[in-house]
Amino acid sequence: MHTPELTFSSKYTFKHALKYHDKHRNTLGHRLSNWREQRMAARALALAGDPAIVLDLPCGTGRFWPLLARQEARTILAADNSEAMLSVAREVNPPELLARVKTFPCSAFDIPMEDTSVDLIFCMRLLHHITRPEDRVAMLKEFHRVTRDTVVVSLWVDGNYKALQRRKLEARRTHKTYQNRIVLERAVVEREFADAGFVIASHIDFLKFYAMWRVYVLKKSAP
Ligand SMILES: C[S@@+](CC[C@H](N)C(=O)[O-])C[C@H]1O[C@@H](n2cnc3c(N)ncnc32)[C@H](O)[C@@H]1O
């Protein structure tokens with residue numbers, strides 16, 4: 001199993017986890033952006049056929065649990081590398097919601113589950129942190145093993161105004177140190193999806209030609 005050491009993975013301490021939870025609600029801009037992301041996720045779930053067994057990985061502090069729990073019969077499994085994120089998730093969410101979700105710690109590169117044990121892996125805001133192509137493909141292959149049918153994944157893509165701006169900013173940076181987040185070329189990441197055994201069923205843009213966020217709905221390709 002290829003389980004890389006990712007610098008960004010270790011930043012989610014208890015303090016950072018609380019900050020992350022607040023981040024999506026502390027300004028009007030963040031609330032609007034969270035609202036749009038929830039809409040994109042809802043559309044992706046519908047495109048995925050409203051799956052019955054979902055693994056939310058990484059779940060963070062459970063930002064998408066209210067959405068996932070809208071389908072009453074759905075089994076919601078939720079995992080994250082950071083015990084701090086999971087513990088904040090258990091503190092900030094209401095008991096009736098927590099009763100619907102089974103949480104456990106795990107790495108996205110090594111999921112402690114049988115092959116094809118969920119209908120959908122729901123992976124929001126992780127892929128844009130994974131800078132090495134071989135790590136991305138290893139993670140996607142692990143998803144391919146565990147899902148029976150679909151993966152929903154969000155990331156930053158090129159081909160829009162914000163990505164151009166970011167490229168200019170990065171070109172101006174004099175100290176090229178560790179990069180925490182990256183914009184992926186669509187052609188590159190779409191080839192990586194294929195390498196891991198997926199076909200693209202659909203995609204949803206946050207705001208076409210302007211914003212970098214895109215959600216892909218991936219289906220396992222026929223063997
Ligand atoms: C930006 S947060 C996104 C959380 C959630 N999906 C959301 O959108 O609110 C990234 C999450 O990835 C988790 N993480 C980092 N490395 C991971 C890994 N190798 N396996 C699983 N989770 C990881 C972090 O602990 C953190 O909770």
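At 25% relative accessibility, Arg145 counts as partly exposed. Its partner Glu142 is buried, with a relative accessible area of just 4%. These two residues form a salt bridge, and the closest N and O atoms are 3.0 Å apart. Both sit in helix α6 (residues 133-146), and because they are three residues apart there, about one helical turn separates them. Before we go further, please keep in mind that this is a predicted model.

## Salt bridges

Why would two such side chains come together? Side chains of opposite charge can pair when their charged atoms come close. The structure holds 13 salt bridges, and three of them are set out here.

| Pair | Closest N to O distance |
|---|---|
| Arg145 and Glu142 | 3.0 Å |
| Arg63 and Glu37 | 3.0 Å |
| Asp149 and Lys219 | 2.9 Å |

Let us start with Arg63, which forms a salt bridge with Glu37. Arg63 lies in the loop between β1 (53-56) and α3, while Glu37 belongs to helix α2 (residues 28-47), so the pair ties together parts that are 26 residues apart in sequence. Are the two partners buried or exposed? Both Arg63 and Glu37 are buried. They also have company: Glu37, Arg63 and Arg125 are linked in a network of salt bridges.

Now look for Asp149 and Lys219, whose side chains meet in a salt bridge. This pair links distant parts of the chain, with Asp149 in strand β5 (residues 147-156) and Lys219 in strand β7 (residues 213-220), 70 residues apart. Asp149 has a relative accessibility of 23% and counts as partly exposed. Lys219 is partly exposed too, with a relative accessible area of 22%.

## Around the ligand

How many residues surround the ligand? There are 21, and the closest are Ser9, Pro58, Arg63, Asp80 and Met124. You have already met Arg63 as the salt-bridge partner of Glu37.

Several polar atoms of the protein can be picked out beside the ligand. An oxygen atom of the ligand is 2.6 Å from an N or O atom in the side chain of Asp80. A nitrogen atom of the ligand lies 2.7 Å from a polar backbone atom of Pro58. For Ala108, a backbone N or O atom is 2.8 Å from a nitrogen atom of the ligand. Taken alone, the ligand exposes 600 Å², and the protein buries 98% of that.

## Backbone details worth finding

Pro58 deserves a second look. It is found in the loop between β1 and α3, and the peptide bond that leads from Leu57 to Pro58 is cis, with omega near 5°.

Arg125, the network member, has a positive phi of about 60° although it is not a glycine. Its place is in the loop between β4 and α6, and Arg125 is buried, with a relative accessible area of 14%. Phe209 is another non-glycine residue with a positive phi, here about 70°. Phe209 lies in the loop between β6 (198-205) and β7, and at 61% relative accessibility it counts as exposed.

## Inside helix α4

Which residues of helix α4 (residues 83-92) are buried? They are Ala84, Met85, Leu86, Val88 and Ala89. The elements that cover them include α1 (14-23), α3 (65-68), β2 (75-80), α5 (95-98) and β3 (101-105). At the N-terminal end of α4, Ser82 acts as a cap: one of its side-chain oxygens lies 3.3 Å from the backbone nitrogen of Ala84.

## A histidine and some cysteines

His129 lies in the loop between β4 (118-123) and α6, where it is buried, with a relative accessible area of 6%. A polar atom of its side chain is 3.0 Å from the backbone oxygen of Asn180. Leaving aside neighbours within four places in sequence, His129 is in contact with Phe8, Tyr12, Asn180 and Arg181.

Finally, the cysteines. The structure holds zero disulfides. Cys59 is in no disulfide, and the nearest cysteine sulfur, that of Cys106, is 9.1 Å away. Cys59 is buried, with a relative accessible area of 6%. The sulfur of Cys123 is 11 Å from the closest cysteine sulfur, in Cys106, which is too far for a bond. Cys123 is buried as well, with a relative accessible area of 0%.

Key:
Residues are numbered from 1 along each chain as its sequence is written. This is a predicted model: local features need pLDDT of at least 70, side-chain atom pairs count only at pLDDT 80 or more; totals for chains, interfaces and linings use all residues. Side-chain values use heavy atoms; hydrogens and water are left out. Buried means under 20% relative accessible area, exposed over 50%, partly exposed in between (1.4 Å probe, protein chains only). Helices (H or I, at least four residues) and strands (E, at least two) are DSSP runs, numbered from the N terminus. Contact means heavy atoms within 4.5 Å. A polar contact is a pair of N or O atoms within 3.5 Å; within protein, one must be able to donate a hydrogen and the other to accept it, and residues adjacent in sequence count only if both atoms are side-chain atoms. A salt bridge is a side-chain nitrogen of Lys or Arg within 4 Å of a carboxyl oxygen of Asp or Glu. A residue is near a molecule or strand if one of its heavy atoms lies within 4 Å of it. Accessible areas come from the Shrake-Rupley method with a 1.4 Å probe; for residues, only the protein chains shown count as cover. A disulfide is a pair of cysteine sulfur atoms within 2.5 Å.
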